[in-house]
Amino acid sequence: MSNRIQLNTTYTNHHNIHVGYQLENEVNEYLAANFGLKKAVFIVDENVLELYRKTFIKEISSLFDEPIFCSVPEGEQSKSLSQFTNITDKILEAKVERQTPVIVIGGGVTGDLGGYVASSVLRGMPLIHIPTTLLAMVDSSIGGKTGVNHSVGKNLIGAFYEPKAVFSDLKFLETLPQKEIINGLGEVIKYGMIQDESIFLSLESLSLSGKFTYSKEWEQLVTNCAKIKSDIVSKDFKESGVREILNFGHTFAHVIERVRGYENSSHGEAVYMGMWGAVKLSNLLGFNIDITNLSDFRALYTSSFEPLETEEELANLMLHDKKVKDGSIRFIILEEAGQARSEVVKDISLIKESWKYIIQEFK
Ligand SMILES: NC(=O)c1ccc[n+]([C@@H]2O[C@H](COP(=O)([O-])OP(=O)(O)OC[C@H]3O[C@@H](n4cnc5c(N)ncnc54)[C@H](O)[C@@H]3O)[C@@H](O)[C@H]2O)c1
């Protein structure tokens, strides 16, 4: 039996996030109880499809008379309008109906793309997320943000659309490459920084550098992170207030990803680097935040950041972030450990100083 978190929003109905190990029976029970078993759409990351076609995916797809499979090539370039069109063509030609479930199995790329398909085909089909990366389990499958990228920027086309259920099965993490565990860890560390220092205690008891091995401690950690995200989203589904604190480190991270190129950049690593900038900025604004909770993980993030741009140019690039309002840059800063809030920073010298700190640490 999985751990269950209920996500309530005033925006739409509540739904459950199930976190556990080997959840195929639980998924099947849920599907059988909630949907007709004729057709179902499976939008699946290509690597996950290959690894689990004879096990997990076979178990749940054989419940349906006509499973429709759409494989999503790995990589950020799949979050595109052309992939969106490929999938919508295929499922509309298969004559799906508004009640046909869309079951999305993969990491954040497949989740964002598949979620957007479910949000728009026939004006909305029931969406079930089965996240298979650590990042997707603790972050992207929760909170209803779906979408694709545009040549002008990342995530610029999309919709807020809630799933009917999320099933996070830690069995999937056993095949996830180590670098993707480290990637997801960036967001786990973020929850520790903005909300709950006990996450750092949980992380101490886990081995993070070797291959992932399932344990109850991992399950509890993923559950705690999912609960933090879902509690924040419950209060502010459309990101007009408290949800902003989830962007801790991200204002810096988005620029790091842009200058490195999204394809060469791990989001979690950029967030990790960005949090160094956000801690520095908090200190420059007069809050005494210790870097130790971040620096304890420094050895896991091995790639360097040596931009061609100056600190001033990096600071200016922040003005292009889609969350910039009226030309002022809002940052999430810490007033104390676990206490985050947003702050408009007008003094560009503080921002440049924070960039200098990141560059020095990661050169
Ligand atoms: N919607 C949101 O709220 C939200 C939040 C954060 C990030 N995101 C988005 O998430 C995306 C990144 O997601 P990600 O980090 O999960 O990356 P990803 O989806 O690209 O997956 C990473 C890699 O892992 C492989 N993979 C996935 N599951 C596997 C498994 N169980 N075993 C073996 N290989 C597996 C994939 O094929 C891929 O190569 C970005 O596009 C980002 O914008 C969305």
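At roughly what angle do the axes of helix α10 (residues 250-260) and α11 cross? Keep that question in mind while you make the first selection. The model on screen is predicted.

**Stop 1: α10 and α11**

Select residues 250-260, which form helix α10, and then residues 267-284, which form helix α11. The axes of these two helices cross at roughly 130° and come within 7 Å. An angle from 115 to 145 degrees is neither roughly perpendicular nor roughly antiparallel, and α10 and α11 are therefore oblique to each other. Their crossing is right-handed.

Now show the side chains where the two helices meet. From α10, pick H250, F252, A253, I256, E257 and R260. Across from them in α11 are H267, E269, A270, V271, M273, G274, G277, A278 and L281. Sorted by class, this contact has eight nonpolar, four polar and three charged residues.

**Stop 2: the surroundings of α10**

Stay on α10 and bring back the rest of the chain. Is this helix largely enclosed or largely open? Eight of its eleven residues are buried, so α10 is largely enclosed by the rest of the structure. To see them, select H250, T251, F252, A253, V255, I256, E257 and R260.

What do these buried residues pack against? Their partners are α7, α11, α13 (311-317), β10 (329-336) and α14 (348-362). Colour each of these elements separately to see where it lies around α10. Then step just past the end of α10 to G261, which takes a positive phi of about 90°.

**Stop 3: α7 beside α11**

Keep α11 selected and add α7, residues 178-194. The axes of α7 and α11 come within 6 Å and cross at roughly 30°. Because angles under 35 degrees count as roughly parallel, α7 is roughly parallel to α11. On the α7 side, the contact is made by N183, G186, E187, I189, K190 and M193. On the α11 side, select H267, G268, E269, V271, Y272, M275 and V279. The contact of α7 with α11 has six nonpolar, four polar and three charged residues.

**Stop 4: α7 and α9**

Hide α11 and show helix α9, residues 216-235. The axes of α7 and α9 come within 11 Å and cross at roughly 60°. That makes α7 oblique to α9. This crossing is left-handed, whereas that of α10 and α11 is right-handed.

Which residues meet here? From α7 they are I181, V188, Y191 and I194. From α9 they are W218, L221, C225, I228, K229 and I232. By class, the residues of this contact are nine nonpolar, no polar and one charged.

**Stop 5: two cysteines**

Click on C225 in α9, one of the residues that meet α7. Its relative accessibility is 0%, so C225 counts as buried. Next, go to C70, which lies in β4 (66-72). At 4% relative accessibility, C70 counts as buried because the cut-off is under 20%. How many disulfides does the structure hold? There are zero.

**Stop 6: P73**

Finish at P73, in the loop between β4 (66-72) and α4 (81-93). Its relative accessibility is 30%, so P73 counts as partly exposed. Leaving aside neighbours within four places in sequence, P73 is in contact with E46, S78 and Q83. For a last distance, select the C-alpha atoms of P73 and V41: they are separated by 17 Å, and the two residues are 32 residues apart along the chain.

Notes. Residues numbered from 1 in each chain as written. Predicted model: local features only at pLDDT ≥ 70, side-chain atom pairs only at ≥ 80, totals over all residues. Heavy atoms only, no water. Axes fitted to C-alpha atoms, helices over the stretch in contact; angles between N-to-C directions. Helix = DSSP H or I, 4+ residues; strand = E, 2+ residues; numbered from the N terminus. Parallel < 35°, antiparallel > 145°, perpendicular 65-115°, else oblique. Left-handed = near helix turned anticlockwise from the far one by under 90°. Contact = heavy atoms within 4.5 Å. Nonpolar A, V, L, I, M, F, W, Y, C, P; charged D, E, K, R; others polar. Disulfide = S-S within 2.5 Å. Buried < 20%, exposed > 50% of the residue type's maximum accessible area, 1.4 Å probe, protein only.
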